[in-house]
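Trainee: Could we walk through this structure together? I'd like to start with its aromatic rings and then look at some strands.

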Amino acid sequence: MFQIFNTPTHPEDGPPRLALLRERLALAGLDGFLVPRTDMYRGEYVAPHDERLAWLTGFTGSAGQCVVLRDAAGVFVDGRYRVQVKSQIAPDHFTPLDWPAIQPADWIAGQLPDGGTIGFDPRLHTTDEIEELREKGEKFRITYCETENFVDLIWQDQPPPPLGAVFVHPLELAGEPHAAKRAALAERLRCKGARAAVLTLPDSIAWLFNIRGSDVPRNPVPQAFAILHDTGAADLFCAPAKLSDMVRAHLGDEVACHPTGEFCAALKALQGPVLLDKPSAPVWVEECLTGAEPVLASDPCILPKARKNAAEIAGMEAAHLRDGAAMCRFLCWLDAEAPTGALTEIDVVTRLEEERRRDPLLRDISFDTIAGSGPNGAIVHYRVTTDTNRRIAPGDLLLVDSGGQYADGTTDITRTIATGPVTAEQTAAFTRVLKGMIAISTIRWPGGLAGRDLDSLARAPLWRAGQDYDHGTGHGVGAYLSVHEGPQRLSRLSEVPLEPGMILSNEPGYYREGAFGIRIENLIRVVEAPPLPGADNRAMLAFATLTRVPIDRRLIDLSLLDAGERAWLDTYHAETRHRIFPLLSGDAAVWLETVTRPL
């Protein structure tokens, strides 16, 4: 079993830990300390060793920050976690704060009218973050200084740093030798006049060297750093115990391997212009570049990694078909069992994982499965535990967001399922969400547009009803890499142009706090749009759908769908039946034929 259901920390654990932290801050003469979710590799998901935010506050979301002051402690979260955070922290000691509407620097200034000194761990924050804090703090006599990590000092049973094995990602799945990738990026460095590029993001390093790792749950990446030189040679920095002889042979003579502790010295030895991705590189990395001239530029792996090649696309397509079959077996079982009222959320998570584990290519789930029934469905990133496990009553809406990490691809799918009679309010909201998902699925657009230009298409049906959702419409997805991958997004904040080969999620939703949640999610791939008959056929882009799993028609108000939307859904279901039916047998095959009949 991949997923565990214990509660990692309880709200009552927070106050005594907070008191210990404040004692340490007082001894150090500090007025506050920053406790971010991130680790020194700046990944969204962190190893148990780096779960400082959860350990201190109880909040387990994948994004957030706590600012601990002498008399206040604010936990900053975005719209995905506004409901969740209130149930996980001790409200008498921690205050949930709505980020980005409330910025940490502004809140700190309001709490410290006479000024003060705030400590931070330079491994866990980027230069951009700290520069913004310092610029705002100057007006209020608030300074930010580098310190040791005070959470680590009081966390007596902190797990050790991970030492997960690194393994080779086969060429037939990677699609390009790592020597060719390094040579292509080195040429770009030379064109920019740079001598080297500093790489700090584990998924970039995994992609560049055609390796994968096992340091972080759900994400097959190695915790490592790297330097790519303009010759195409590279230096890789990670714990030596992670690298087998097979991996070292795969890396070859042009990739020198070093212990992580030698990274700073290697940075100090660099000379001349060196590319540094300031939004992702920690403060301490830039401080180690004492002999070089930092040139601020995006991580050179980011865009090539996002633009999947033919082999990666083929792997993703194959993984999605097998994952679709697992989902159909699961949904067939759920339709039979949910009306009994005997199932719990943990039963749902366990059965779905069992179906995926039948595939020998499954390596892990791609994130902890979200199975929220009734009011728990309104918690956008709900994770069931033995403390929150809820029995699914017939008639509850059940939101299931899940995915698999397969050797050939990464999946992420959400379906909202009726477990009994549904209300007019629920079907109307579900249909508006579906209309938004179809709008994204069918849009054609000229090249150069970004996610912010398309995001409103998914929201428009909800907006017309005075509704919305507090998360992006879609995130990038890696090819047997991180399930949340940049830089592409479907979001009102994303300015990155969408390009062929990029894979994203398409997941509008609606959440009624205390009642139910709705989300429908497919993964989609950016493609060149096929020509239209009789049109002038300007070059356009479009989306091709990867996910093949039926959408629950019991929740659709057909009167709200237009002819084009009905046609899309019928075509989607027919294609799903055509591709998935050969992978099923017995009851699941019969179920699939039934639920994919034309409207």
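Mentor: Happily! First a definition: helices (H or I, at least four residues) and strands (E, at least two) are DSSP runs, numbered from the N terminus. This is a predicted model, where local features need pLDDT of at least 70, side-chain atom pairs count only at pLDDT 80 or more, and totals for chains, interfaces and linings use all residues. Residues are numbered from 1 along each chain as its sequence is written, and side-chain values use heavy atoms, leaving out hydrogens and water.

Trainee: Why are Phe-330 and Trp-333 separated by about one helical turn?

Mentor: Both residues belong to helix 14 (residues 310–337). They are separated by about one helical turn because their spacing in that helix is 3 residues.

Trainee: What kind of aromatic pair do Phe-330 and Trp-333 form?

Mentor: Rings of Phe, Tyr and Trp (its six-membered ring) pair if their centres lie within 6.5 Å; planes under 30 degrees apart count as stacked, over 60 as edge-to-face and the rest as tilted. For Phe-330 and Trp-333, the centres lie 6.0 Å apart. With 35 degrees between the planes, the pair is tilted.

Trainee: Which strand does strand 13 join by 5 bridges?

Mentor: Two strands pair if DSSP finds at least two bridges between them. Strand 13 (residues 272–276) pairs in the parallel sense with strand 8 (residues 196–199) over 2 bridges. The 5 bridges from strand 13 lead to a strand that also runs parallel to it, strand 14 (residues 292–296).

Trainee: In strand 14, which residue is the bridge partner of Pro-273?

Mentor: Look along strand 14 for the residue bridged to Pro-273. That partner is Glu-293.
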